[in-house]
Amino acid sequence: MRIATVNVNGIRAAARKGMGDWLTASAPDILLLQEVRADEQIAADLLPGYEAAIWPCRIKGRAGVGVAVRDGGPAALGELRYGVAAPGTEEPDVDSGRWLEADLKLTGLEGVDRLTVISAYLHSGQLGTEKMDQKYAHLKLVDARMASLLAAARDGGPQVLMAGDLNVVRSERDIKNWKPNHNKIAGVMDEEIAHLEGWFSSGWVDASRHLVGDEEQGPYTWWSQRGKAFDNNTGWRIDYQVLTPALAERARGVAVDRAPDYASRWSDHAPLVIEYL
């Protein structure tokens, strides 16, 4: 089974720039989308051959996440859940369209017949502004949900894959220019990193790092549109697939589908694709 996650940076723009060619060539069985910035019908029309569930942001033109399963593939969409707010409460508008859970029924994946997948688009943040407060508040809610999901998986519940654009690097291995950015820019702050490390220390598995090892740099998944960042591979690893331990045992290969050149890019992110057996 092939699972891909990608921040499309606006699905309509991505489709105009060639996303459909990638989708046909890669043909992931499960596709997790972030920054869709379109309603469900528009997004579905741009994903031929897939059944899609989309949660748009209530702020027009921002965020939006989706889960899509390939027609005739090994996964079928089931129950959907929106957001990480406490039961009985609603996310603020800035948190909407950032966390979509889908329960899937699977066939063909050894030892896993129930899987919950989550498409997550966490706040980017900006130091010294309200946006950073919003990021930390959302991360706190995500922490609680991650703990609950892991506990349920250990107690016989579905295995879980949380994937998407988390807008945080973990260490100097995940960003080309660590020293000039560390504790100086959002996404590279120790306080942000501590949230992710809390998940991994509790038992969650960072699939990319698990597969490529602790010494390898990257693989990067995002490059600034400015300057020569893409050409020089001055990237960040901010797109993840985060797995429960039993699911991590099924992960076999990881690839970042980086465009061959700047002109061929259809997003400022590249798809993170992992094979599961």
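Colleague: Which residue in β6 is the bridge partner of Leu77?

Modeller: This is a predicted model. β5 covers residues 75–82, and β6 covers residues 99–106. The two strands pair in the antiparallel sense over six bridges. In β6, the bridge partner of Leu77 is Leu104.

Colleague: Which strands stand at the edges of the sheet that holds β5 and β6?

Modeller: The sheet is open, with six strands in mixed pairing and the order β5-β6-β7-β8-β12-β9. Each edge strand has a single partner, so one side of each is left without a neighbour in the sheet. Those strands are β5 and β9.

Colleague: At what angle does helix α4 run to β6?

Modeller: Helix α4 spans residues 130–154. It lies across β5, β6, β7, β8 and β12. Its angle to β6 is about 15°.

Colleague: Is Glu101 buried or exposed?

Modeller: Glu101 sits in strand β6 and forms a salt bridge with Arg81 in strand β5. The closest N and O atoms are 2.9 Å apart. Arg81 counts as partly exposed, at 22% relative accessibility. Glu101 has a relative accessible area of 1%, under the 20% cut-off, so Glu101 is buried.

Colleague: Which Arg meets both Glu90 and Asp93 in salt bridges?

Modeller: Glu90 and Asp93 are both in the loop between β5 and β6. The Glu90 bridge is 3.8 Å, N to O. The Asp93 bridge is 2.8 Å, N to O. The partner lies in the loop between β3 and β4 and is Arg58.

Colleague: Is Pro87 buried or exposed?

Modeller: Pro87 is found in the loop between β5 and β6. Its C-alpha atom is separated by 35 Å from that of Asp268. The relative accessibility of Pro87 is 82%, over the 50% cut-off, so Pro87 counts as exposed.

Colleague: What is the average twist from one strand to the next in the sheet with the order β3-β4-β2-β1-β14-β13?

Modeller: This open sheet has six strands and mixed pairing. β3 and β13 stand at the edges, each with a single partner strand. From one strand to the next, the twist averages 15°.

Colleague: Which residue in β2 stands opposite Val6?

Modeller: β1 covers residues 2–7, and β2 covers residues 30–34. They pair in the parallel sense over five bridges. Opposite Val6 stands Leu33.

Colleague: How many salt bridges does the structure hold?

Modeller: Arg81 with Glu101 is one of them. A network of salt bridges links Arg170, Asp174, Glu197, Asp206, Arg209 and Arg237. The number of salt bridges in the structure is 16.

Conventions: Residues numbered from 1 in each chain as written. Predicted model: local features only at pLDDT ≥ 70, side-chain atom pairs only at ≥ 80, totals over all residues. Heavy atoms only, no water. Pairing = 2+ DSSP bridges. Helix = DSSP H or I, 4+ residues; strand = E, 2+ residues; numbered from the N terminus. Contact = heavy atoms within 4.5 Å. Axes fitted to C-alpha atoms, helices over the stretch in contact; angles between N-to-C directions. Buried < 20%, exposed > 50% of the residue type's maximum accessible area, 1.4 Å probe, protein only. Salt bridge = Lys/Arg side-chain N within 4 Å of Asp/Glu carboxyl O.
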